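Thanks for coming. I will go through one structure today, and I will keep to the folds, the pairs and the packing.

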Amino acid sequence: MKQLEYVVLARRVSQIKEELRQGVRKPYKEVIDVSWGDPHRAGLKPLTFVRQVLSTCLYPELMNSNRLPADVRQRAQRLLGGCAGGSVGSYTATEGIPEIVHSVSEFITRRDGGVPSDPENIYISPGSQWALTNILNVLVNREASTRTGVLTPMPCHSATTLGIMGLGGVVVPYYLSEEQGWELQVEDLHQALESAKGVCNPVALYVINPGNPSGQVQSRKSMQEVIRFVSERRLFLLADEVYQDCIYGENSEFVSYKKVLTEMGPPLSDTVELASFHSASKGFMGECGLRGGYVELVNLDPAVLKYIKTLFSTDSCAPVLGQLALDLMMNPPQPGDPSYPLYDMETQHIRTTLVHNAKRAVSVLNSLQGFCCQPVEGGAFAFPRVYLPPKAIQKAKEVGMQPDTFYCIRLLEEAGLLFSAGCEYGQKEGTHHIRFCIMAPEDVMEELLKRLTSFHTQFMKEFS
């Protein structure tokens, strides 16, 4: 494993914040941190219904208060009924509170247009990344003479690539086509398999839909090609679908891998092994700190499922508040419920804000010399390419930094913007990118783009 490039930026941003507190004069009064896919950190407000129910579960005396809507109190009472001793402080079953596991199963069936979902194949986890790491733990064989490989998209968020390496596996990169809007092309999967010959034994393909950090949304046709590919090559399919609610492209639609697999029918629908991941951290809820996610397993051998359950049980259970948040995400207020009007208004406002931010960010970036940003169809991030001048690249080498890290450090110092460097996520040789979260209030996004425009213009002039 290796130290992240982000560590350099994180260390400096702490120093800058302390300098600002001490009254050191800078061109900005505060740092805008959009380096994480964390809506609340960026300034979006939590959903009222979610926080009211969780507050009541933490302090059940609130159920006696008429200040809270009746459906909030009823939901809290129902959720506490599934907790041992009626308390969120109790342990739960390893796979999660049974009522919530069934709630997840019903949500998946509704989402996929009636495709059955078996609660026995669902495990609630402390965030989707925890579940992914544990499934990788099952797939990666540390003791084999040939190391285990996992086909992984580039760019890809670093938690997964570091997780594979930490388990003793090999990251086998396949590069998304930036010029085609970060499209996943099956030819690149074949090339990745060829590159693995003599290096490792590939056992799984990892896909992220919508993309992180690339922001693309896969088409049905692309997903069908991927499913045929993993079937032919006998690969386990890992589908990271945590941003499924965040779709901005007018012609984009999220469809789950499980639904597409079912539609393709036998023998594929009976044989392709699939793990699908989702989380309460992402989407409009954005409850990153509560750590609630799930994995659904499809077409796995019962003996393997038994082993996975044993493996998951080593950590007792997922945080109870995270499990409750999952239930609230799966079953929001419905028309006619007292909480529905406010919930609908808040979620529509967030949706409108994110669609605006996605379009605005791409428009501004593409108006600046030296930037090229593909459309953000979904997810949480813009991931533009930066065409850095040769003098800037040379300067970065002189100070011992990757070129895009150097750009991000200067951006932080001079404009008070905390972005992530593209080298963190994997990129084609000779290209440079930056990543920033678009899940922020519109006024924050406008201020961010204003600062970025001013900085970038001066930076390009300095090194031209």
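One term first: a residue is called buried here when its relative accessible area is under 20%. H432 has a relative accessible area of 13%, so H432 is buried. Keep in mind that this is a predicted model.

Where is H432 placed? H432 sits in the loop between β13 and β14. Leaving out residues up to four places away in sequence, H432 touches P384, R385, V386, L388, I393, P403, D404 and Q427.

That loop brings us to the first sheet. β10, β14 and β13, in that order, form an open sheet of three strands with antiparallel pairing. The edges are β10, residues 381–382, and β13, residues 420–421, and each of these pairs on one side only. β14 covers residues 434–437, and its antiparallel pairing with β13 runs over two bridges. Within that pairing, A421 is opposite I434 of β14. On the other side, β10 and β14 are also antiparallel, over two bridges, and F381 has C437 in β14 as its bridge partner.

As a general point, side chains in a regular strand alternate between the two faces of the sheet. In β14, I434 and F436 are on one side, R435 and C437 are on the other, and all four are buried, which leaves both faces of the strand covered.

F436 comes up again in the packing. The largest nonpolar core has 92 residues, and F436 is among those with the most contacts inside it, together with L324, Y407, F419, L448 and F459. Helix α14 gives the most to this core, with eight residues. Which residues does L448 contact, leaving aside neighbours within four places in sequence? The contacts of L448 are I32, V34, L417, F419 and F436. There is also a second, separate core of 34 residues, which includes V170, W182, V230 and V272.

Next, the other sheet. This open sheet has seven strands in the order β2-β8-β7-β6-β5-β3-β4, and its pairing is mixed. β2, residues 122–125, and β4, residues 170–175, each have a single partner strand, so one side of each is left without a neighbour in the sheet. On average, neighbouring strands here are turned by 25° against each other, with direction ignored. β5, residues 201–208, is parallel to β6 and pairs with it over five bridges. In that pairing, Y206 is opposite L238 of β6.

Two helices lie across strands of this sheet. α12, residues 302–312, lies across β2 and β8, and runs at about 15° to β2. α13 lies across β2, β7 and β8, and runs at about 70° to β8.

Now the charged pairs. Side chains of opposite charge can pair when their charged atoms come close. How many salt bridges does the structure hold? The count is 20, and I will show three.

The first joins the side chains of R12 and E413, at 2.5 Å from N to O. R12 is in helix α1, residues 6–21, and E413 is in helix α16, residues 403–415, so this pair links distant parts of the chain, 401 residues apart. R12 counts as buried because its relative accessibility is 17%, while E413, with a relative accessible area of 28%, is partly exposed. R12 and E413 also belong to a network of salt bridges with E19 and K26.

The second is between R75 and D327, at 3.2 Å from N to O. R75 lies in helix α4, residues 70–81, and D327 in helix α13, residues 320–330, so the pair ties together parts that are 252 residues apart in sequence. Both R75 and D327 are buried.

The third is between E250 and K359, at 3.3 Å from N to O. E250 is in the loop between β6 and α10, and K359 is in α14, so this pair ties together parts that are 109 residues apart in sequence. E250, at 70% relative accessibility, counts as exposed, and K359, at 47%, counts as partly exposed.

Last, the annotation. An unreviewed UniProt entry places the feature "domain: Aminotransferase class I/classII large" at residues 64–452. Over those residues the chain is 43% helix and 14% strand, and the end C-alpha atoms are 50 Å apart.

Technical notes
Residues are numbered from 1 along each chain as its sequence is written. This is a predicted model: local features need pLDDT of at least 70, side-chain atom pairs count only at pLDDT 80 or more; totals for chains, interfaces and linings use all residues. Side-chain values use heavy atoms; hydrogens and water are left out. Two strands pair if DSSP finds at least two bridges between them. A salt bridge is a side-chain nitrogen of Lys or Arg within 4 Å of a carboxyl oxygen of Asp or Glu. Buried means under 20% relative accessible area, exposed over 50%, partly exposed in between (1.4 Å probe, protein chains only). UniProt positions are given in the numbering used here, feature names are shortened, and annotations may be inferred rather than shown by experiment. A nonpolar core is a set of buried Ala, Val, Leu, Ile, Met, Phe, Trp, Tyr and Cys residues joined through side-chain atoms within 4.5 Å. Contact means heavy atoms within 4.5 Å. Axes are lines fitted to C-alpha atoms, for helices over the stretch in contact, and angles run from 0 to 180 degrees between N-to-C directions.
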